Structure formats: structure tokens, C-alpha cells
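Please open the model in a viewer and keep the selection panel at hand. The tour below proceeds from one selection to the next.

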Amino acid sequence: MPTSPLPFAAALRHALPAAEWAGLRHSRETTTQRGVRNDRPDQNQSALEEGAMCEVLVDGHFGYAATADLSLAGLQRAFERAIATTRATSAHQVHRFTPNQRPAASGRYRSPRHTSLDDTSLAEITDCLLAASRAMALSELLVNRSARAMLVQTDIHYVSTSGADTQQSFELVDITLSATAAQGLESQTRSWSHTGQFGGEVFHRDTLARQAQQVAQDALALLQADNCPSGRMDLVLMPDQMMLQIHESIGHPLELDRILGDERNYAGWSFVKPHDFGTLQYGSELMNVSFDPTRAGELASYDFDDGGHRASRELLIERGVLQRGLGSLESQARCGLPGVANFRSASWNRAPIDRMANINLEPGQATLDELIAKVEHGVLMRTNRSWSIDDYRNKFQFGCEHGQLIEDGRLGRLVRNPNYRGVTVDFWNRLAGVGRDDTVHGTAFCGKGEPSQVIRVGHASPPCLFRDVEVFGGQA
Amino acid sequence: MSAAPGRSQASSHRSAQHGGASVNAIDFAGRVHAHFDRVCNHLLDELAPGEELTLNLNAEDTLFVRFNGNRVRQNTDVEQLNLSLRLQSQGRTVEKSRTLTGNFEADQAATACLLSQCRQEALVLPIDPNQVPIQNNGSSNEEFRGALLAPEQVVAAVVEPAEGCDLAGLYAGGTVIRANRNSKGQSHWFATETFFLDYSIYNGPKAAKGSYAGSRWSAAEWAANLARSKTLLQLLSQPQQDVKPGAYRSYLAPRALSDLVGMLGWNALSASAWKQGRSPFKKLAEKELRLSPLLSIDENFALGLTPRFNSLGEVSASTLPLIRDGALQTLLVNSRTAKEYGLVANGANESEGPRALDVRPGSLQQADILRELGTGLYLSNLHYLNWSDPVSARVTGMTRYACFWVEDGEIVGPIQDLRWDESLYSALGSKLMALTAQAEIDPAVDTYYQRALGGSRTPGALIDGFTFTL
């Protein structure tokens, strides 16, 4: 929260009565990057971003002005800019909004953690990263051994003339270990990451060193492995690839602002139409997908979105049928469809838009061994490496770091460069098995919007089995 | 048919415009320049013996207006200043940055605190063996003033000529600043006042892409730009052609080739990526393979898209040959990589990606494109590219916007979106048949964190047997 009293109330009063409604979102975020490569310090950076987004409703149109000058005069100037520009543009508004799209919420949120990042020393983090880098030094073929940590601390205070007053404090850690093995003209990279809302308790030297050693062993093994075979076969995806599959082929196409066309010139439109909600058989009956910002520890957990809407868990897809989209109160007003609390901005200098938060595939009944036992001929893939999907979110092609053949219900030899491709609804209707044990993943870099924004999203998923998928490897 | 709709030709793009600047823009650049110098002077005066400091400023004053259905979805006015400090002391390197308020007293105190934090961290960190000694690489001062629309004029200027169009896109206009100083006396200042309108217009699910960018808004230029996009959109109203996966001769219009060679910025030309086993151009760098003799690529700062200095204040050569007649001339090498691996630095930035990529044109005339294509695919844009097999430089992506099936040199109709998967060693190697004589500039329109500078200049490319997979 603001370390000193800031003149928010007076600034809001200044915006009235020229604006029908005014809001102010103050954000202060510190991002620290620590990196060790080949046992040497490679990156020691931190960035503090702080400012206020001043928001007004004028003639039924919301408009914004961002400033880092948090004095009363600075905030007043920003509100004046927002009012002037919004008044000039409101005659061409895409929809006539009201203050109903900005509820009067109040409350506090704080990330769960055992040890605050403020109490985690630079020496402790550096020691862990050095230990991980050294643990990967198994062979001279390992030409790149990287251990990195990103620590983020964010405080957001949102107030409005309708009485909203929410304060949310987030602490996030993203640790990535990566090893590249190279021989001749061939090289293979294996990585591992741990990301979520937690504190310094994740910097455990021995645990990271053990994980790093496994990463290095995998990279060396992949270097000697055959290419993944090509053909149609069954596919088991582990949670660290399922997260990408969920993100690209469920999360983005269900964003209501995409369905409404806001994103058409940049990230794209969506194959989902408004009339598909309640009717479209998106996947098999094993498929249940939730929007869940209430799950503790996931990267995008929160109590309120940036429009003051209180967050709750909602089912998006139930027994394979599409039920609900990812749309804020603004999008809901525009299209009349139910949505969620997902009006989110990346920083103080960007306006909120419809975003994912935590989009999770609900666990099923099967153990991993039971999923594998169902496969006569197939491949199991881990850890996303490559991703591409069309602007309507139909035709995708994804690649993984690590593959293992499955023959007659048993895991077999390692294969490298495993890829697969498909079309979204057809692919999800091939879902033939859902594991019982989910794990949490996420990314801090989901890009979208004009002007563009990267935002944090979480995805929890168990392993899943898909039947008869087009699989292929790299070039010989 | 024009190679790409609504884009400036290289010869007319963004010459330095003097005079006619809006009062606000002059105020912003001048105010920020004075503020930056005061804050820097204070910090440099604070340095102790043995300490060296590099300072970088990124700043902008931008009006963003987002359009959907030729109406305004959101308007956001952003004024931001960000200062980074890189302290080098006792062999350690620490970098910190923060938002500035623009108020001298507040920023003086805040940046002094940042310097203090850098010193504390330097006491804890191991020695940085790849640290590059700070030098005075010279000074420069460039300001490009434009004549932009006043904020209250923007929306009417955009939407009224587009009445009846289903237009989606983004207008961004204002002043963008990059500046650098260091404790050896180096000083660089670059400020430019520009706008872009990156847009697409729709006929149901089909769309034509356009972009209008420059430093002086002209109603006549915008109308002409839009008219070209409307013409292209009319072609998209013909019946859709069903194209099966397979290998087809394909013409990549300049914007599509810009998308494809944009992949060179994703580790391909990076010297550190090559040394660390991550470069898809390893076989090119080690002369196992080469690209087509038709292909020559430079890093060309004479395009005027971006300042020549990097975050260390090093000034790149005005033109740096990267690929000549299909053979690699040099990778992009920054000073840190050069020190670590014993290479020669060439002014590259930290990411060792191109900032002003310039693909040399060929001889294929505009009027001959469809005839030389014969039967195959005309692709105006590509979308969502990614390495699908880095070791073989294989890339996957989608077709997007105005893409057509062509038979015997005549456009038959638009196609459905197709997925493709092709090695650059093939597409820009043995399969490259011709490059057009005319090249077009594709200015960067990225707005993540801040407005980007830079861009590329590319001709169109005729490629045989381009592989479509889905």
C-alpha cells in the first residue's frame, strides 16, 4: 500500500462534476531479476514501477489518463486530461456505460506466503541459484546452465467516487532452471519452472540443486534420443504442457472482448459465437474447466478485479458444454452474457481489459499409470517449447521439450522434438482420460491488448489423455 | 495488385520533420530533457571513487485510442518516464530502474535511494567476470518534430473517412524519448514525435490489414491509405477457396516477409545464443549451410527508425552487413558477449536482436508478381510465428488477413486460414525464387510497456513449394 498518505479523495473530488463517476488505481510494483549462468552472476536487476491510472465516466464513456506524479496537482492534471479526451471521444463510444460497471467494493487481499520476500536476502537467493547452476555441471556437453529467479511485489489500491476501496498486496516468485546440451550441430534444452504466489520459502538450496541435476540429466539424454515419430497416435500431456493447451485453446477463445471484436486487429477474434454459450459441445464429457481466482497460491489469485468486481470461482465448461465466458462487467453489459471478475490491467499505465486469471481443468479419477495403461501406441509429452495458434483459436501446433513413447500401456524410450497439431473443438472432444492429481503452473507473460499488456495467469491441470492426434518430430 | 495495402513506401517514410510541432510535444521533450540532465548530474556528482554509472531514460507522452466497429473502445493518455541505473563497482554489476514523477525534488531523492540500494547489493554479489568497462562512446543529440493531431481531433479524423467500415485498431501518437549518459561523460539524446494507426477493416470474418504511420498527419494520405485497404477487402468478398495441406508456390508480400524475417530476432542472429547452443542459425554460423544467393540483409540505421546507440551508449555502424548473398557476415555481438567469448562487439543491444533489419530488394517487378506466381498462394500477412524445430531453423505459423488462391496469374478468391511449417534454410534458401524490386518499411507498432522504436524494410518474396500442414 502507499507508504505515505496520498491525496486520492481530493483528486477524485476534483474530477466531479465534470465526470459522472471517477476512479483511481494506484499501483506500486517491484520486479527483481536474479540470474546465474554457468556459475557466474548474469543478471541482477530490479525495476520499480509506480503510478496512478485516473479513470472517468463522461457521457456514458469510460476514459483514462495515467500519471506517475502522485501529488494532488499531478493527479488533478491527469483527471483533467482524461475528462477532456473522453469528452471529445464519447460521441463515438462503442457502448453507453453507467457507474453500474464499477461496483462499490471494499476489502483487502494478501498473497499467501510463509516468508515475505522482504525477508529473503540477496545472498540467500544467489547461493541457491549458484548451487543450482553448479549442480547442472555434469558434462562438458552442457554448454549453458542457467538458474534464474523473478520476484514480484505488487500493491494496488483502488478507490472510486461510488465508494470502492480495495487494497491488494501480491508476492510472486518464478524460478526457472534450464540446461542446454550441445554436440556437433545438435542441441537440446530442458527446463523446469516453479511459479506462483508464494514467498521466500521456495528458495531451498538442496531442493533446487536436486531439480537442477535432473534437468541437466534430461538435456543430456535428449541429445542422444531419436526424433519423435510422426503419425496419428494417442497423446498423454503432462500438466506443464496442459497449461499451454488450456491457455491458448480455452482461455483466449472464451474472452468476451475477443468475441465482441475488440482484439481483432491484434491477437485476433474467436471461433466462439455468443449463441454457443449453453450449447457448444466444446470437449468430451470428461472436460470441466473453471475460472478460479480464489485458489490459493496460483499466479492470478485475487479478491477483486481492477474494476472493483469481487472475484469468485465459476465453471466455464461443464461436462464438455460451454457455459460461461471470460468477460468483465463492461463486456457483460455489451453482450448480455454472464461473465466473471476479470477486468485486469498489467500496470499503472494501462487500462483494464478482459483477461484470464486462473483457468483450471478440474481433476478426474485416473492415476497417471492408469492413463498410460489405456494407450496401445502413443507418446507422453512434457514441458512446452513451442506454441502457435490462429487468430480465431482453431488450428494450433504445439511442441514440447521431452517425449516418451508409450507402447502397449507402458512408458518406453525417450524421444526428442515432440510436436502435435490439431483443431480446438475436435481436439478437446478427443479427451479420453483425466488424471486425478493436478499441479499448478502459470506464466507471467500473457500478451494481449492495444496498447499491449503482459499479465500473469495461472493454470492447474492433471495429466490428460487424447485419442488419435497428429504427432510429429523434428527434421532428421 | 499492390504488394501490401496502406503502407508507406520506403522513400517517403519519416524524414525528419522540423517545425509545426505541437506545443505539448515541444514542452514534453524539452521538459524531460532538462529534468533528465538535472537528475543525472546529481547522481553522477554522488559517485565515489571506483564507482562507474550508466543511466538510461525511456520516456513518452502518448495518446492511445482503441477502435472497434469504427467506434472508440478505450482512450488512454499516458505520460511516463523511466530511469535505469547500472552501477559498476569493485567488479560487481547492479542495475535498478524506477518510474520518475517529473518532480525534481522527489526524483532526486528517489534516485539517490536507488543508487544507495545498488551499492548495498554490490557488497553482496559475486564478481561479474563479464563486466564491460564503462567508456565514453561519444555523444549525440537528435530530435525529430512532427505535426500530430491534437488529442480532441484524433477520433473524428480517423472514423469520419472510415464511415461504413467495420474498422478495428489502435491509434498511438506523441513523443518518444531514449537517452543515455554515463560517468565517463558520454551523452545521447533521441526524441521523436510520431503516430501510427494500425488497423484492419472487416467484411464479416475476412479482413484487410493496413497501417498508416508518420510524423505529420495528413487527411489525404489517410483517405488514400484507407481506399487501398477497401479495394483489397473487395477482393476478399469473392467465394472462399478450399486449399488442402501441401506444398504450394507462394508469394509473401513485404509485410509477410517482414513477419518471417522477424524470427531472426528470436535468437537466430544472436552471438550469445549461438555460443550457448540456442541459435537456430548455428548451421549458418558454422558454414554448414547457407541461404539463397538472392538474399542479403543489413542492419540499417539509415532507415531512421531508431537511435544508433544502445543501452551502453555504444554507437552502431550506420550499416552493418549481416547476410550477404546467402552467407552470414556477422552475428549481432554486444560487448558483454564479446568479452565472455572473445568476439568483436558490433554495437548490438542487450538482446542481440536486429533493430532496423533491411532486406535488400531483388528484381521482380510489381506488375509481374502474379504472373511469376502462376498457380499458388498470395499471402499478405503471417501470424503467430514460432520455432517448431530450432536446430533445423523450422518455423510454424498461420496465414492471416488478405490471402488468396491464384491460378494462372489471376486471383481466384480468398483462402481459409492455413497453418504452415517450413525451415528458413528452405524458404530463404533453395526455395527462394525471387525478391521484388520494391521494398516497404514496416515500422514497429509494439506497445508492450512502452511504444517501440525500430522496424524493418522488406521486399516481397516468391517461394517455391512452401509447406502448408493444416
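How much area is buried between chain B and chain A, and what percentage of that area do carbon and sulfur atoms give? In this predicted model, about 7500 Å² is buried between the two chains, and carbon and sulfur atoms give 46% of that area.

Begin by selecting B:Arg66, B:Arg73 and B:Tyr448: these residues supply 10% of the area that chain B buries against chain A, more than any other three residues.

Next, select the residues in contact on both sides. The selection should hold 87 residues from chain B and 93 residues from chain A.

Turn now to the polar features. Between chain B and chain A, 57 residue pairs are in polar contact, counting pairs with both residues at pLDDT 80 or more. On the side of chain B that touches chain A, strand β2 (residues 71-89) of chain B contributes the largest share, 10 residues. Colouring that side of chain B by class shows 31 nonpolar, 27 polar and 29 charged residues.

Among the charged pairs, the interface of chain B and chain A contains 10 salt bridges. For one of them, select A:Arg34 and B:Glu121, whose side chains meet with an N to O distance of 2.9 Å.

Finally, display the backbone of strand β2 (residues 40-58) of chain A together with strand β3 (residues 92-99) of chain B. These strands run parallel and are joined by 4 bridges. Which residue of β3(B) stands opposite A:Ala47? Selecting B:Ser97 shows the partner of A:Ala47 across the two strands.

How values were computed: Residues are numbered from 1 along each chain as its sequence is written. Chains are lettered from A and ligands numbered from 1 in the order in which they are written. This is a predicted model: local features need pLDDT of at least 70, side-chain atom pairs count only at pLDDT 80 or more; totals for chains, interfaces and linings use all residues. Side-chain values use heavy atoms; hydrogens and water are left out. Contact means heavy atoms within 4.5 Å. Buried area is the accessible area (1.4 Å probe) that two parts lose on being put together, summed over both. A salt bridge is a side-chain nitrogen of Lys or Arg within 4 Å of a carboxyl oxygen of Asp or Glu. A polar contact is a pair of N or O atoms within 3.5 Å; within protein, one must be able to donate a hydrogen and the other to accept it, and residues adjacent in sequence count only if both atoms are side-chain atoms. Ala, Val, Leu, Ile, Met, Phe, Trp, Tyr, Cys and Pro count as nonpolar, Asp, Glu, Lys and Arg as charged, and the others, Gly among them, as polar. Two strands pair if DSSP finds at least two bridges between them.
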